[in-house]
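Trainee: Please choose one part of this model, the surroundings of the ligand, and take me through them closely. I would then like to see some other contacts within the protein, with the reasoning behind each description.

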Amino acid sequence: MVFGAGSVGELAAEVERLGAKRVLLISTPGRAGMVKRLAKGLALAGVFDRAVMHTPIEAVAQARELAASVKADCCVAVGGGSTIGFGKAIALSSALPVVAVPTTYSGSEMTTIWGISEGGAKKTGRDPKVLPRAVIYDPELTLELPAAVSAASGMNAIAHCAEALYAHDGNPIVSLMAEEGIRALASALPKIVADPRDLGGRTAGLYGSWLAGMTISTTSVALHHKLCHILGGFGLPHAETHSIVLPHAIGYNQAAAPEAMARISKALGKTDAARGLYELEEKLGIPMRLADIGMKEADLERAARIAVEAPYPNPRKVEYEPVLRLLRDAYDGRRPS
Ligand code: NAD
C-alpha cells in the first residue's frame, strides 16, 4: 500500500519490486492519454486502453490475448473498478501480478472478487490470484473525477461499509474499519461535490474507500449488494444503482440489525441510518430514483423474484412482498419513513 498526494511517482519502483520487466498498462479509452503520461519510466510491453464497465467476456478475451502476445509479466491498472476488473480478469486466467492505481472509490483494488459478464449475466467469484500485489492511492489522480461520478462511487463505498456492519461473518475489527470508512466518506463527499479539486476532501475520500474495500474483502455481502447485482443484469450503471438502493436496503434491515444501524447513524452524525443516507444523497445532488437511471417499472417484479430465489444470509428474511416494496420505493425515490 502506498498512499498520498504524488505517490503515483512510486509506480515504477513498485513494479520493479515485483521483478516485472514487461508491463501491460490498462485503462478506459477516456483516460488513456493521462494513464500513458503516468507510465513514463515503466518497462511497457503493451497498452490495453479498451476497459469498459462490467468486464464483458469478449473484451476480456482481447485483453488476455494482448497480455499473452506481448509476453506481459505484470498488469498495471490505472482507473476505477472497471479498469481494475480487467487486470483481475487477466490475472484469473494467467496468475500475472496486478498493480492497481485506483482513481474512483469502488474499493475493487482491495478485494479478491472478480466479475465477468457473459450473455447479459455477470458471473462473480473470489480468487486470491486476482488480489492486486501493490496498490497506489494518489488523491491527485482523482481531482478530475466528475462530482456526480465521485458522489455515486463514494456511496458505493459506503454501501460496502454498511453491509460489513451486519455481515454474518463480520468481526469487531472489520466493524471499526467500516464505521470509520462511513465517517470519512460522509464528511468528504459533500466537500468533493462542492469543489472536485479539494485535495483534502479527495484524500479523505480515498482513505474511506480503502477502508471500504478492506471491509468487503473479508465479509460476505447481503441484500443490498445482491439487489444491485441483479439490477446490474438489467443494464443499470453500477455506482448509481448502489447509491439509490442503499437507503432502502438499510431501511429493510433496520429493525433486524440495531447495533449496525446505531454505528451507521453515529458515523453519519444522524439519528436514523436509512434517512441519514437518503439525506446525504440529497445533499450530493445525485439521482435518487431507479426510474431515472433506466429501470423499467415492468421489471421490478422480476428483480424481486430473482432476489428471493436463492436464499443467502441477511439480517431480515428476504421475502418477495417486502423486497418488491423496497424496489418500488427505490424506483420512486421515496424518502425512508
Ligand atoms: P468505472 O471504473 O466504470 O469508472 C467510471 C467512469 O469514470 C469511467 O468512464 C472512467 O473512465 C472514469 N474515471 C475513472 N477515474 C477517473 C478519474 N480519476 N478522472 C476522470 N474520470 C475517471 O466505475 P467504478 O464505479 O469505479 O467501477 C464500477 C465497476 O467496478 C463495476 O463493473 C463493478 O462491478 C466493479 N466493482 C468491483 C468490485 C470488486 O471488488 N471486484 C468492487 C466494486 C466495484
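Mentor: A backbone N or O atom of H54 lies 3.4 Å from an oxygen atom of the ligand. The model is a predicted one, and every distance given here is computed from it. G81 also offers a backbone N or O atom, which lies 2.8 Å from an oxygen atom of the ligand. With R31 it is the side chain that takes part: one of its polar atoms lies 3.3 Å from a nitrogen atom of the ligand. On its own the ligand has 860 Å² of accessible area, and the protein covers 83% of this. Two elements give two or more residues each to the surrounding shell, namely α4 (81-94) and α9 (238-253). Of the elements, α4 gives the most, with 3 residues. In total, 21 residues surround the ligand, and the closest are S82, T103, T104, T111 and K122. Sorted by character, the shell consists of 12 polar, 5 nonpolar and 4 charged residues.

Next, please consider the loop that lies between α8 (223-232) and α9, where P237 has its place. P237 has a relative accessible area of 24%, and therefore counts as partly exposed, since the partly exposed range begins where buried, under 20%, ends. P237 and N314 are 77 residues apart in sequence, and their C-alpha atoms are 24 Å apart in space.

A polar contact within the protein involves H160, a residue of helix α5 (residues 147-165). A polar atom in the side chain of H160 lies 2.9 Å from the backbone oxygen of S106. The relative accessibility of H160 is 6%, so H160 is described as buried.

The aromatic rings call for a cut-off: two rings pair if their centres lie within 6.5 Å. By this rule there are 4 aromatic pairs. One of them joins F3 and Y137, whose ring centres are 5.7 Å apart; the planes of the two rings stand at 45°, so the pair is tilted. F3 belongs to strand β1 (residues 2-3) and Y137 to strand β8 (residues 134-137), and therefore the pair ties together parts that are 134 residues apart in sequence. The two partners may also be described by their accessibility. Y137 has a relative accessible area of 0% and so is buried, whereas F3, at 31%, counts as partly exposed. Ring pairs also bring in W210, linking it with F3 and Y137 into a cluster.

V2, which is likewise found in strand β1, gives a further view of this region. The C-alpha atoms of V2 and Y137 are separated by 6.1 Å, although the two residues are 135 residues apart along the chain. V2 has a relative accessible area of 17%, so V2 is buried.

Finally, there are charged side chains that lie over rings. R316 lies over the face of Y252, at 4.0 Å from the ring centre. K226 is placed over the face of Y312, and here the distance to the ring centre is 5.2 Å.

How values were computed: Residues numbered from 1 in each chain as written. Predicted model: local features only at pLDDT ≥ 70, side-chain atom pairs only at ≥ 80, totals over all residues. Heavy atoms only, no water. Phe/Tyr/Trp six-rings, centres within 6.5 Å; stacked < 30°, edge-to-face > 60°. Helix = DSSP H or I, 4+ residues; strand = E, 2+ residues; numbered from the N terminus. Buried < 20%, exposed > 50% of the residue type's maximum accessible area, 1.4 Å probe, protein only. Lys NZ or Arg CZ within 6 Å of the ring centre and 35° of its normal. Near = heavy atom within 4 Å. Polar contact = N/O pair within 3.5 Å; in protein donor to acceptor, adjacent residues only side chain to side chain. Areas by Shrake-Rupley, 256 points an atom, 1.4 Å probe, with all protein chains shown as cover. Nonpolar A, V, L, I, M, F, W, Y, C, P; charged D, E, K, R; others polar.
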